[in-house]
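Reader: I'd like a close look at the metal site in this one, please. Walk me through what holds it together, and then what sits around it in the rest of the fold.

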Amino acid sequence: MRIAATADLHFTPARQNVLQDQFSRVREEADVLVLAGDLTNYGQPEEMTPLLNVVVRSRIPTIAVLGNHDYENGRQSELMAMMITAGVKVLDGTAYEMDGVGFAGTKGFVGGFGRAVLTAFGEPEIKKLVKASIDEALKLERALSQLRTQKRVVVLHYSPIVGTVMGEAPEIFPFMGTSRLAEVVDRHSADLVLHGHAHNGQPNGKTAGGVPVHNVAITLIEAQQPSTVYRVFDI
Ligand SMILES: [Fe+2]
Ligand SMILES: [Fe+2]
């Protein structure tokens, strides 16, 4: 299966024509399109509508998770409903199987990496944040547990490893994701992880358990030569 993946479109209506052009050949180049969050800039339905037009016209099965920007206006449920209506498989702690390949997805959350992972100690506010981070890891666990396919792809917005975040300012690493997600990926020995969010990170990395992780933020893909708007992975 060929998977075209991108993230962080931060879509605004002004970009519709350009994006339509850039996605015109995706159906020939891949069997499925993965959108790894931050589809909109401010989480407004007016931003989602033109993006869904592009997706629908591309006529390719599409799997997506939301990103933090899609939550900005508190209208994430509305956005998800719009996407589902347009035929997009929205993963939020859920799984989807297609042609023998399983996809498990959730947004993920902040929390930091390795020995610097934030723990639930001290103020209730910290405990609440850590709980939200653990909850996202549990959602991924649940999604992966549902899959019976031999090949399993994980779709996240936040990064599960520090490797694909390198290039961002070290001060913001804890806000780029958390290795709690990678622990789940390794426990289930998934085959491939796709994420976004770290616009200035690195395109390729690996979990401690050796699972390939790719940061498909559109900024990184556009910076490659030749410049494109999605990367294609074979699995
Ligand atoms: Fe983003
Ligand atoms: Fe983001």
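Author: Here is a tour of the metal site, followed by the salt bridges and the nonpolar cores. Keep in mind that this is a predicted model.

Let's start with the iron ion (ligand 1). Its protein donors are Asp 8 (OD), His 10 (NE2), Asp 38 (OD) and His 199 (NE2), and they lie 2.0 to 2.2 Å from the metal. Along the chain these donor residues follow the spacing D-x1-H-x27-D-x160-H. The angles subtended by the four donor atoms run from 89 to 170°, which makes the arrangement irregular. As for how covered the donors are, Asp 8 is buried at 3% relative accessibility, and His 10 is buried at 14%.

Now the iron ion (ligand 2). Here the coordination comes from Asp 38 (OD), Asn 68 (OD1), His 157 (NE2) and His 197 (ND1), at 2.1 to 2.2 Å. The donors of the iron ion (ligand 2) are spaced D-x29-N-x88-H-x39-H in sequence. This site is irregular too, with angles of 90 to 157° among its four donor atoms.

You'll have spotted a name that turns up in both lists. Asp 38 bridges the iron ion (ligand 1) and the iron ion (ligand 2), which are 3.3 Å apart. Asp 38 sits in the loop between strand S2 (32-36) and helix H3 (45-58), while His 197 sits in the loop between strand S8 (192-195) and strand S9 (204-206), so this pair ties together parts that are 159 residues apart in sequence. Both ends of that link are covered: Asp 38 is buried at 1% relative accessibility, and His 197 is buried at 10%.

Metal ligands aren't the whole story, so here are the charged pairs. Side chains of opposite charge can pair when their charged atoms come close. The structure holds nine salt bridges, and a few are worth pointing at.

One of them joins the side chains of Asp 31 and Arg 2, at 3.2 Å from N to O. Asp 31 is in the loop between helix H2 (26-29) and S2, and Arg 2 is in strand S1 (residues 2-6), so the pair connects parts 29 residues apart in sequence. Asp 31 is partly exposed, with a relative accessible area of 30%, and Arg 2 is partly exposed as well, at 28%.

Another salt bridge brings together the side chains of Arg 15 and Glu 222, at 3.5 Å from N to O. Arg 15 lies in the loop between S1 and helix H1 (16-22) and Glu 222 in helix H7 (residues 218-223), so here the two tied parts are 207 residues apart in sequence. Arg 15 is partly exposed at 25%, and Glu 222 is partly exposed at 28%.

There are also pairs between residues with close numbers. Arg 75 and Glu 78 form a salt bridge whose closest N and O atoms are 3.0 Å apart; Arg 75 is partly exposed at 29% relative accessibility, and Glu 78 is partly exposed at 37%. Then there's a small network of salt bridges linking Arg 25, Glu 28 and Glu 29.

On to the greasy parts. In soluble globular proteins, nonpolar side chains tend to be buried together. The largest nonpolar core in this model has 26 residues, and Phe 23 and Met 83 have the most contacts inside it. The elements giving two or more residues to this core are S2, H3 and helix H4 (76-85), with H3 giving the most, at five residues. Leaving out residues up to four places away in sequence, Met 83 touches Leu 39, Met 48, Leu 52, Ala 64, Leu 66, Val 88 and Val 90. Apart from this core lies another, of 21 residues, among them Ala 5, Met 98, Val 153 and Leu 194.

One last stop is Leu 91, in the loop between strand S4 (89-90) and strand S5 (94-98). Leu 91 is buried, with a relative accessible area of 4%. Neighbours within four places in sequence aside, Leu 91 is in contact with Ile 63, Ala 64, Val 65, Tyr 96, Phe 103, Ala 104, Gly 105 and Thr 106. For a sense of scale, the C-alpha atoms of Leu 91 and Glu 222 are separated by 25 Å, and the two residues are 131 places apart along the chain.

Terms used. Residues are numbered from 1 along each chain as its sequence is written. Chains are lettered from A and ligands numbered from 1 in the order in which they are written. This is a predicted model: local features need pLDDT of at least 70, side-chain atom pairs count only at pLDDT 80 or more; totals for chains, interfaces and linings use all residues. Side-chain values use heavy atoms; hydrogens and water are left out. Donors are N, O and S atoms within 2.8 Å of the metal (3.2 Å for Na, K and Ca); water is not among the atoms, so sites may look incomplete. Four donors count as tetrahedral if all angles lie between 85 and 135 degrees; four count as square planar and six as octahedral if opposite donors are over 155 degrees apart and all others between 65 and 115; anything else is irregular. Helices (H or I, at least four residues) and strands (E, at least two) are DSSP runs, numbered from the N terminus. Buried means under 20% relative accessible area, exposed over 50%, partly exposed in between (1.4 Å probe, protein chains only). A salt bridge is a side-chain nitrogen of Lys or Arg within 4 Å of a carboxyl oxygen of Asp or Glu. A nonpolar core is a set of buried Ala, Val, Leu, Ile, Met, Phe, Trp, Tyr and Cys residues joined through side-chain atoms within 4.5 Å. Contact means heavy atoms within 4.5 Å.
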